[in-house]
Amino acid sequence: EALAKIISMCAANKISKVLVGQHGIFSTPAVSYLIRKYKADGGILLTASHNPGGPDADFGIKFNSANGGPAPESVTEAIYQETTRISKYSITQGLTVDIDKLGTSKFYIAGIGDFEVVVMDSVDDYLSYMKELFDFKSIRAMLTGSDGKPKCDIIINALCGVMGCYVKRVLCQELGLPESQAIKCVTLPDFGGEHPDPNLTYAAELVESLKAGPYDFGAAFDGDGDRNMILGKKAFFISPCDSLAVIADNLECIPYFNKTGVKGYARSMPTSGAVDRVAAAKKIECFEVPTGWKFFGNLMDAGRLSLCGEESFGTGSDHIREKDGMWAVLAWLSIMANKRQAGPEHGSVEAIMKRHWSKYGRNFFTRYDYENCESAPAEKMMSNLQAMIDDPATVGKEFSNSGKTYKVAKADNF
């Protein structure tokens with residue numbers, strides 16, 4: 001329903017061409033790539049994970065700019081200003097496009113001109129691009145084995161979001177993952193009544209499968225496919241911060257970076273400093289940015305950044321201008337395939353992570369989420385925190401718990 005209205009409004013507002021995924025399905029990273037590949041002027045993404053609105057708070061709209069990334073603040077502020085003075089809108093009546101059927105539909109809009117809608121395969125272009133970035137042959141050899149038995153047994157859960165078709169095409173058809181190990185890969189409008197967030201709480205079914213089963217690797221994706229969770233055998237959990245650091249330390253396992261080189265690393269302010277340690281050891285530039293992928297995009301467009309991530313389960317590189325869940329999974333599988341050349345025990349998720357901690361030390365972080373809070377006490381809490389941060393006595397202060405004492409080295413509000 002929403003897509004039909006958007007297409008009709010595009011036609012009425014002199015947009016000449018619209019690309020739309022079959023059945024209305026595209027992952028957010030795929031849209032970022034398509035904007036860049038086809039040199040579109042931007043893209044409209046309907047994603048429940050982005051500032052949810054609508055009657056049931058399950059519908060959000062995001063605009064991506066011509067670089068493929070989330071609109072910068074200058075654009076979002078201009079859009080907001082338009083909403084304060086809009087008095088009418090234009091829409092084409094009677095325009096019908098079958099988004100379930102692949103192909104191009106051409107129309108003539110009276111008083112405006114020609115209008116074209118291209119319904120595209122949701123996965124084709126994205127899959128072709130992933131084949132350019134990664135060594136699919138080595139990953140497939142690990143997942144299938146020469147005797148047909150997998151050297152590495154994996155399970156993937158798409159949580160009934162858009163990633164179902166990507167899992168089936170990329171991991172099942174191309175890399176040999178049995179379809180029985182591709183879980184919840186039917187995209188449902190309500191995500192099957194569950195919350196499509198790839199964390200230990202909402203992807204509990206995946207966690208239990210890894211604890212009970214023979215699987216060496218597991219991953220889950222969020223509703224629009226830009227975030228991911230990585231797990232090892234017996235549900236060994238990899239925090240998003242550690243995932244970023246491990247990938248940063250092993251970029252030579254990914255063909256894309258052997259071609260482009262590594263320009264820099266970055267993380268959002270709430271993300272732990274694990275990647276900072278890797279950057280320091282490798283003498284590569286590392287940035288801390290405010291929360292929001294658009295800030296990574298600025299650095300990428302300036303040629304300063306190759307790899308970045310957030311503590312909220314988002315990881316990505318400069319191959320596009322969005323975080324990319326499938327890319328992160330393929331990155332981990334590439335690293336595992338590479339390390340297994342020294343023996344299977346070297347290529348497990350747990351072994352890779354523990355070697356990393358042994359080399360760099362271990363960073364911990366805590367994130368607290370508060371939902372549906374009253375404004376007044378929440379604002380009081382924030383003002384109390386700000387006062388503590390502004391107090392010169394905070395740095396150097398000691399806190400003790402469970403027989404251990406910790407000293408504050410830094411406190412900041414980005």
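Is Leu159 buried or exposed? In this predicted model, Leu159 is buried, its relative accessible area being 5%. The residue sits in the loop that runs from β6 (154–157) to α6 (164–174), and its phi is positive, near 55 degrees, even though Leu159 is not a glycine. One of its partners is Asp197, which touches Leu159, Tyr202, Ala203 and Arg227 once neighbours within four places in sequence are set aside. Asp197 belongs to another loop, the one between β7 (182–183) and α7 (204–212). With a relative accessible area of 16%, Asp197 also falls under the 20% limit, so it counts as buried.

Lys39 makes a handy counterpoint. Here too phi is positive in a residue that is not a glycine, at about 50 degrees, but Lys39 is exposed, with 71% relative accessibility. Its loop joins α2 (28–37) to β2 (43–46). Asp41 is found in the loop between α2 and β2 as well, and at 72% relative accessibility it counts as exposed. Being exposed does not leave Asp41 without partners: beyond its neighbours within four places in sequence, Asp41 is in contact with Phe63, Ser65 and Ala66. For Ser65, the C-alpha to C-alpha separation from Asp41 is 6.7 Å, across 24 residues of sequence.

Next comes the sheet that β6 belongs to. Five strands make up an open sheet, ordered β7-β6-β8-β9-β10, and the pairing is mixed. The edges are taken by β7 and β10 (236–238); each of these has a single partner strand, so one side of each has no neighbour in the sheet. Further in, β6 and β8 (residues 217–221) run parallel and are joined by four bridges, with Asn157 standing opposite Ala220 of β8. Helix α12 packs on this sheet, where it touches β6, β8, β9 (228–232) and β10. The direction of α12 makes about 170 degrees with that of β8, and angles over 145 count as roughly antiparallel, so the helix and this strand run roughly antiparallel.

So what does α12 bring to the nonpolar interior? The largest nonpolar core has 76 residues, and the ones with the most contacts inside it are Phe134, Phe217, Met326, Trp327, Leu330 and Trp332. Helix α12 (residues 325–339) supplies the largest share of this core, eleven residues. Apart from this core there is another one, of 13 residues, including Ile7, Val18, Phe115 and Val119. Back in the largest core, Met326 gives an idea of the local packing: leaving out residues up to four places away in sequence, Met326 touches Tyr126, Met163, Tyr166, Val167, Val170, Leu171, Phe221 and Gly225.

Tyr126 leads on to the helix pairs around α12. Together with Met130 and Leu133, Tyr126 is on the α4 side of a contact with Met326, Trp327 and Leu330 of α12. The axes of α4 (residues 124–133) and α12 come within 12 Å, crossing at roughly 30 degrees. That angle is under 35 degrees, so α4 and α12 count as roughly parallel to each other. Their crossing is right-handed.

The geometry with α13 (residues 349–360) is another matter. The axes of α12 and α13 come within 10 Å and cross at roughly 85 degrees, which means that the two helices are roughly perpendicular. On the α12 side, the contact is made by Trp332, Ile335, Met336 and Lys339; on the α13 side, by Val349, Ile352 and Arg355. Trp332 thus turns up twice, in this contact and among the residues with the most contacts inside the largest core.

Finally, a hairpin is formed by β15 and β16, with two residues between the strands. Strand β15 (residues 398–401) pairs with β16 (residues 404–407) in the antiparallel sense over four bridges, and Ser400 stands opposite Thr405 of β16. In the turn, Ser402 has a positive phi of about 50 degrees.

Methods:
Residues are numbered from 1 along each chain as its sequence is written. This is a predicted model: local features need pLDDT of at least 70, side-chain atom pairs count only at pLDDT 80 or more; totals for chains, interfaces and linings use all residues. Side-chain values use heavy atoms; hydrogens and water are left out. Buried means under 20% relative accessible area, exposed over 50%, partly exposed in between (1.4 Å probe, protein chains only). A nonpolar core is a set of buried Ala, Val, Leu, Ile, Met, Phe, Trp, Tyr and Cys residues joined through side-chain atoms within 4.5 Å. Contact means heavy atoms within 4.5 Å. Two strands pair if DSSP finds at least two bridges between them. Axes are lines fitted to C-alpha atoms, for helices over the stretch in contact, and angles run from 0 to 180 degrees between N-to-C directions. Angles under 35 degrees count as roughly parallel, over 145 as roughly antiparallel, 65 to 115 as roughly perpendicular and the rest as oblique. A crossing is left-handed if the near helix is turned anticlockwise from the far one by less than a right angle, and right-handed if clockwise.
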